[in-house]
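Biologist: Give me a close look at one part of this model, please. Start with the second largest pocket, then connect outwards.

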Amino acid sequence: MAIDHYAVLGVERGADSEAIKKAYRRLTLQFHPDRHPDDTHAHERFRQINQAYDVLGDPRKRTRYDTQSRLSSGLDLAGVQPGQSPRDLLQNVFGDVFRSRRRGRRKGRDLRYTLTISLQEAVRGGPHEITFDALGPCETCSGSGTRPGGAPPATCQVCGGKGEVKGDGLFAPWTRCGRCDGAGMLQADACKTCRGAGKSRASRAFTVTLPAGVESGAQKILEGQGEPGRFEGAAGDLKVTVHVRPDPFLERRGAELRCELFVSLTEAALGTRVEVPTVDGAVELDIPAGIRSGTKLRLRGKGIPAKQGRGDQLVLVTVETPAASDPNVATALRELEERSALASALPKRSEQRAAFAERKKP
Ligand SMILES: [Zn+2]
Ligand SMILES: [Zn+2]
């Protein structure tokens, strides 16, 4: 016997055809693939439900099935199926003992959320309010699923609270109970608002507190703030993944922030003062006269907060060579070239050109 058709439909062995039809209708609605497009568990259940009804819904097939079940239960001891490990056997024989513990309670599902923040917000850290549609405790019944003032949930009569039903015979497999869908408990007096589920979808607000200097990809877990559990089971967690939006100017490297600052030929030669963005707002940076392209200047304490204090911001100075396509710029550059050709203006260049000329001599 592979699967217990009675257990799949969640009906007792002696159930009449009306009860079987009713269970079948209820379960096909509940597990219809259209309602669970990506849930393979639901697809498998739907298949089992149809298979079970194909047999139990037909009086002749049902009689044959019942006879076969009785026969195979007598043969079980002799016919241990290949592929069954000793643990499977123990599970089947002593399953009752192992299974009775986890009845009823079901942990709620986790919620996931991606929180996108700016680099400034990542450096600062602190609380963020996030709001999104999620399942939370039903407001009418506070998540119990029971109609206020109604009877509390009762143990499922079909599986006796185990959530699973064992077929006839010592080694017959266990099948998830179709009446309570494995919970072992049934909502006897369901809340009208949530139809006994204890959950309702609504816009919910959460507060996530991020550490200063949080990195992109970091995960923050808010325990017990996920979907509510069933039958007094614990709520799931809210798992927030942090995404730091790339900054157009500042790039993070560990505790350091790096940026590139372009200056003109004359700014590089004469020196200047430039306003540079930092995560704390703009600061004035002195570019010393005669700076070379590629020089790194350091803004102390403008980086990312870290264990050993706050990092720095490194400013890579790049001298932008002017494009000579503009005739006015070209004229000015030629004039500049003539004047700076003097050895005193560009001493290293003059020295090097003289050395090159010397090497060419035979
Ligand atoms: Zn409710
Ligand atoms: Zn049950």
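Modeller: The second largest pocket holds about 690 Å³ of space. A pocket here is an open set of points on a 1 Å grid over the protein atoms alone, with protein on both sides within 12 Å along at least five of seven lines, and lining residues have an atom within 4 Å of a point. Volume is the space filled by probe spheres set on the points, which are joined across faces, edges and corners.

Keep the source of the coordinates in mind. This is a predicted model, in which local features need pLDDT of at least 70, side-chain atom pairs count only at pLDDT 80 or more, and totals for chains, interfaces and linings use all residues. Residues are numbered from 1 along each chain as its sequence is written, chains are lettered from A and ligands numbered from 1 in written order, and side-chain values use heavy atoms, without hydrogens or water.

Back to the second largest pocket. Its lining has 19 residues, and Leu265, Ala269, Gly290, Ala345 and Leu346 lie nearest the centre. Three elements give two or more residues each to this lining: α7 (265–270), α8 (327–340) and α9 (347–360). Helices are DSSP runs of H or I with at least four residues, strands are runs of E with at least two, and both are numbered from the N terminus. The most comes from α7, with five residues. By class, the lining of the second largest pocket divides into eleven nonpolar, four polar and four charged residues. Nonpolar covers Ala, Val, Leu, Ile, Met, Phe, Trp, Tyr, Cys and Pro; charged covers Asp, Glu, Lys and Arg; the others, Gly among them, are polar.

Now the largest pocket. Its volume is about 1,600 Å³. Its lining has 34 residues, of which Gln30, Asp181, Ala197, Lys199 and Arg230 are closest to the centre. At least two lining residues come from each of α2 (17–31), α3 (40–56), β6 and β7. The largest share is from α2, with four residues. The lining of the largest pocket counts 13 nonpolar, seven polar and 14 charged residues.

One of those central residues, aspartate 181, deserves a stop. Aspartate 181 sits in the loop between β5 (174–176) and β6. Its phi is positive, about 55°, although it is not a glycine. Most residues other than glycine have a negative phi. Aspartate 181 counts as buried because its relative accessibility is 16%. Buried means under 20% relative accessible area, exposed over 50%, and partly exposed in between, with a 1.4 Å probe and protein chains only.

Arginine 195 also has a positive phi of about 55°, again without being a glycine. Arginine 195 lies in the loop between β6 and β7. With a relative accessible area of 76%, arginine 195 is exposed.

Next, the metal sites. Zinc ion (ligand 2) takes its protein donors from Cys156 (SG), Cys159 (SG), Cys177 (SG) and Cys180 (SG), at 2.3 to 2.4 Å. Donors are N, O and S atoms within 2.8 Å of the metal (3.2 Å for Na, K and Ca); water is not among the atoms, so sites may look incomplete. The donor spacing for zinc ion (ligand 2) is C-x2-C-x17-C-x2-C. Angles at this ion run from 103 to 115°, so the arrangement is tetrahedral. That label for four donors needs all angles between 85 and 135 degrees. Cysteine 177 and cysteine 180 are both buried.

Zinc ion (ligand 1) has Cys138 (SG), Cys141 (SG), Cys191 (SG) and Cys194 (SG) as protein donors, 2.3 to 2.4 Å away. Its four donor atoms subtend angles of 102 to 115°, which makes the arrangement tetrahedral. Their spacing along the chain is C-x2-C-x49-C-x2-C. Cysteine 141 and cysteine 191 link distant parts of the chain, 50 residues apart: cysteine 141 in the loop between β2 (126–137) and β3 (154–155), cysteine 191 in the loop between β6 (185–186) and β7 (199–210). Cysteine 141 and cysteine 191 are buried.

Two threonines finish the tour. Threonine 155 is in strand β3. Threonine 155 is partly exposed, at 28% relative accessible area. Threonine 207 belongs to strand β7. At 45% relative accessibility, threonine 207 is partly exposed. Leaving out residues up to four places away in sequence, threonine 207 touches Pro127, His128, Glu129 and Leu222. Contact means heavy atoms within 4.5 Å.

Methods: Tetrahedral: all angles 85-135°; square planar, octahedral: opposite > 155°, others 65-115°. 1 Å grid on protein atoms, 1.4 Å probe; cavity = no way out; pocket = protein on both sides within 12 Å on 5 of 7 lines; lining within 4 Å.
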